[in-house]
Amino acid sequence: MSSFPLTPRNQVHRLPKRASYDRDQIYGILDQTFLCHAGFQVEGQVYVIPTIYGRREDTIYMHGSAASRMLKELAKGFDACVTVTLLDGMVLARSAFHHSVNYRSVVLFGQARALTDPGEKSAALEIITEQVAPGRWAEVRGPNEKELKATSVLAMPIDSASAKVRTGGPIDDEEDYTLPVWAGVVPVRMAAGTPADDGRVLPGVGLPASLSRARFL
Ligand SMILES: Cc1cc2nc3c(=O)[nH]c(=O)nc-3n(C[C@H](O)[C@H](O)[C@H](O)COP(=O)(O)OP(=O)(O)OC[C@H]3O[C@@H](n4cnc5c(N)ncnc54)[C@H](O)[C@@H]3O)c2cc1C
């Protein structure tokens, strides 16, 4: 199916012209980054926690300490909500009211389950690692049995999703164009600084090839 069906959960009401339910577009946004926020509810209190994810086909994977409340709660299989945001620009208008941001964002809905099979867990950890820096998994020592036990890994099939995208400059009220105020767009992107080794890298070992493909560059 090329689009996620419209439901009361994923239908964008506010500025629907910015909405998309197209699977390729949504997955394209997901594949640009690796940071998400997972939302869940415990005894009436809503929590929204930032974490890393990886996507493969129609599933996202999240991981963390076996002690993580977020992962324990999400693993109960309740309806969860995960969001991903790419900030593309600050939109500065002539009036405070018309300031905005350019962005591509995604809201995902699904029910997560904990992976228990060590092979499945390891494969999901590879997906998460490769989401951050493609090629890194092959460069490093993989997790051993003890490390796998200490790590919770969740799989959340994407049941429903929406994307929202804003592009372009500020849209001011006509009478405000006579104001002597600068207006326009300041592009924004996540950028990495210069890599600094930890002081214990063996002689002759250079920067990894995966760094050039990392999604944080
Ligand atoms: C970086 C950034 C900054 C923003 N700043 C503001 C702000 O300051 N004030 C403000 O009011 N809004 C802001 N927005 C827009 C905000 O995300 C909501 O879209 C908007 O507030 C409408 O919320 P709602 O609950 O009324 O949406 P509704 O349209 O009622 O939401 C219904 C459904 O639409 C989908 N949906 C809604 N918003 C999004 C989204 N952003 N991305 C993907 N799917 C979505 C979800 O599936 C949701 O369940 C910002 C968005 C981004 C990405």
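**Strands, cores and salt bridges**

Strands β2 and β5 pair in the antiparallel sense over three bridges, where two strands count as paired if DSSP finds at least two bridges between them, and where strands (E, at least two residues) and helices (H or I, at least four residues) are DSSP runs numbered from the N terminus. Within this pairing, Ala 38 stands opposite Val 82 in β5. The model is a predicted one, in which local features need pLDDT of at least 70 and side-chain atom pairs count only at pLDDT 80 or more, while totals for chains, interfaces and linings use all residues. Residues are numbered from 1 along each chain as its sequence is written, and side-chain values use heavy atoms, with hydrogens and water left out.

Strand β2 has another partner, since β2 and strand β3 (residues 45-56) pair in the antiparallel sense over eight bridges. Here Cys 36 stands opposite Thr 51 in β3. The hairpin of β2 and β3 has two residues between the strands, and in this hairpin Glu 43 takes a positive phi near 50°. If you follow the chain onward, β3 and β4 also pair in the antiparallel sense, over four bridges, with Arg 55 opposite Ile 60 in β4. The hairpin of β3 and β4 likewise has two residues between the strands, and there Glu 57 takes a positive phi near 50°.

Stepping back to the whole protein chain, one counts five helices and 10 strands, and the C-alpha trace spans about 65 × 50 × 35 Å along its principal axes. Among contacts (heavy atoms within 4.5 Å) between residues at least 6 apart in sequence, 71% join residues at least 24 apart. The accessible surface, computed by the Shrake-Rupley method with a 1.4 Å probe and, for residues, with only the protein chains shown counting as cover, comes to about 12800 Å², of which 56% belongs to carbon and sulfur atoms. Of the 217 residues in the chain, 37% are buried, a word that means under 20% relative accessible area, with exposed meaning over 50% and partly exposed in between (1.4 Å probe, protein chains only).

What lies inside? In soluble globular proteins, nonpolar side chains tend to be buried together. A nonpolar core is a set of buried Ala, Val, Leu, Ile, Met, Phe, Trp, Tyr and Cys residues joined through side-chain atoms within 4.5 Å. The largest such core has 27 residues, and Ile 26, Leu 30, Ile 60, Met 62, Leu 74 and Leu 108 touch the most other members. Among the elements that give two or more residues to this core are α1 (23-30), β2 (35-42), β4 (59-65), α2 (69-74) and β6 (100-111). Apart from this core lies another one of 10 residues, including Ala 124, Ile 128, Val 153 and Ala 155. Returning to Leu 108, and not counting residues up to four places away in sequence, one finds that its contacts include Ile 26, Leu 30, Ile 60, Val 82 and Met 156.

Nonpolar residues also appear on the surface, where Leu 87, Met 90, Trp 182 and Val 186 form a patch with about 380 Å² of accessible area together. Patches are made of residues with over 30% relative accessible area and no salt bridge, with like charges joined within 9 Å and nonpolar side chains (Val, Leu, Ile, Met, Phe, Trp, Tyr) joined within 5 Å. Val 186, placed in strand β10 (residues 184-187), counts as partly exposed because its relative accessibility is 37%.

Side chains of opposite charge can pair when their charged atoms come close. The structure holds 10 salt bridges, each being a side-chain nitrogen of Lys or Arg within 4 Å of a carboxyl oxygen of Asp or Glu. Which parts of the chain does the pair of Arg 94 and Asp 172 tie together? The side chains of these two residues meet in a salt bridge (2.9 Å, N to O). Arg 94 lies in the loop between β5 and β6 and Asp 172 in the loop between β9 and β10, so the pair ties together parts that are 78 residues apart in sequence. Arg 94 is partly exposed, at 22% relative accessibility, whereas Asp 172 is buried, at 7%.

In another salt bridge, the side chains of Arg 113 and Glu 120 meet at 3.3 Å, N to O; Arg 113 is partly exposed at 42% relative accessibility, and Glu 120 is partly exposed at 34%. Glu 147 forms a salt bridge with Arg 141, with the closest N and O atoms 2.8 Å apart, and here Glu 147 is partly exposed at 31%, while Arg 141 is exposed at 59%.
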